[in-house]
Amino acid sequence: MMQQLPRIEGERVVLRPITDADTDHIVAWRNTPAIMQNFIFREKFTAEMHRNWLATKVASGQVVQYIIEEKATGCPVGSVYFRDVDHNNHSAEYGIFIGEEDARGKGFGTETARLFTDFGYQVLGLHRISLRLLAENGPARRSYEKAGFVLEGTFRDMVLLDGKYRDIVFMAKLAP
């Protein structure tokens, strides 16, 4: 495992490494219809699945996952992560969700994206951070663009969700 991961403090959010104690939040958020509709993986999410993810992916460093807290209240509002961390190519895939409904649309996601990608470049030594999202998820795309992600392409009819083919948009951000 890597060095002890730092807390990351922004103007309105604080990011801290995820722990097993966050399992109930993650499970509740991931099973919220408003969150689930923006994920390609849509099976019911369980505490066992999350603990397995922590024990295999996070513990091995393949995934670096943090909890997003609202700075003013200290309350957890979501999660952000790098997955498929590739140390040879200095790349990873970015993912985020704001799980608390009343925390959405307040710019927490955009601030988190800026802070976490800077952390990825400066602390983890990443050069390329990519992401993918459902093409119809306009709010997320605008947030990613504000945080410096650039459109790389659209894969048409890439996934079949709810009986309908959906386009997947790929975006990336390179180290400055």
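1. In this predicted model, a useful place to begin is the pairing of two strands, where glycine 78 stands opposite isoleucine 98, a residue of β5. The strands concerned are β4 (76–86) and β5 (91–98), and they pair in the antiparallel sense over seven bridges. Together β4 and β5 form a hairpin, with four residues between the two strands, and in the turn histidine 90 has a positive phi of about 55 degrees.

2. β5 also pairs with β6 (128–134), and here the strands run parallel and are joined by three bridges. One point of contact to look for is alanine 92, whose bridge partner in β6 is isoleucine 129. When α4 (108–122) is added to the picture, β5, α4 and β6 make a β-α-β unit that is right-handed.

3. Is β5 mostly covered or mostly open? The strand is mostly covered, since eight of its eight residues are buried. In a regular strand, side chains alternate between the two faces of the sheet. In β5, Ser91, Glu93, Gly95 and Phe97 point one way, while Ala92, Tyr94, Ile96 and Ile98 point the other way, and all of them are buried.

4. The largest nonpolar core has 33 residues, and those with the most contacts inside it are Tyr66, Phe82, Tyr94, Phe116, Phe119 and Tyr144. At least two residues of this core come from each of several elements, including β3 (64–70), α5 (138–146) and β8 (164–174) as well as β4, β5 and β6. The largest share, six residues, is supplied by α4. Apart from this core lies another, of 13 residues, with Ile26, Phe39, Phe45 and Tyr81 among them.

5. Rolling a probe the size of a water molecule over the atoms shows where empty space is left. In this model the largest pocket holds about 1,100 Å³ of space, and 40 residues line it, of which Asn38, Phe39, Ile96, Phe97 and Tyr144 lie nearest its centre. Ile96 and Phe97 point opposite ways from β5, Phe39 belongs to the core of 13 residues, and Tyr144 is listed among the residues with the most contacts inside the core of 33 residues.

6. The lining of the largest pocket draws at least two residues from each of α1 (23–30), α2 (33–36), α3 (47–60), β4, β5, α4, β6 and α5. By residue type, this lining divides into 22 nonpolar, ten polar and eight charged residues. A reader following β5 through the model will therefore meet the strand in the hairpin with β4, in the β-α-β unit and in the pocket lining.

Methods
Residues are numbered from 1 along each chain as its sequence is written. This is a predicted model: local features need pLDDT of at least 70, side-chain atom pairs count only at pLDDT 80 or more; totals for chains, interfaces and linings use all residues. Side-chain values use heavy atoms; hydrogens and water are left out. A nonpolar core is a set of buried Ala, Val, Leu, Ile, Met, Phe, Trp, Tyr and Cys residues joined through side-chain atoms within 4.5 Å. Buried means under 20% relative accessible area, exposed over 50%, partly exposed in between (1.4 Å probe, protein chains only). On a 1 Å grid over the protein atoms alone, a cavity is a set of points where a 1.4 Å probe fits but cannot get out, and a pocket is an open set with protein on both sides within 12 Å along at least five of seven lines; lining residues have an atom within 4 Å of a point. Grid points are joined across faces, edges and corners, and a volume is the space filled by probe spheres set on the points. Ala, Val, Leu, Ile, Met, Phe, Trp, Tyr, Cys and Pro count as nonpolar, Asp, Glu, Lys and Arg as charged, and the others, Gly among them, as polar. Two strands pair if DSSP finds at least two bridges between them. A crossover is right-handed if, with the strands pointing away from the viewer, the path from the first strand over the helix to the second runs clockwise.
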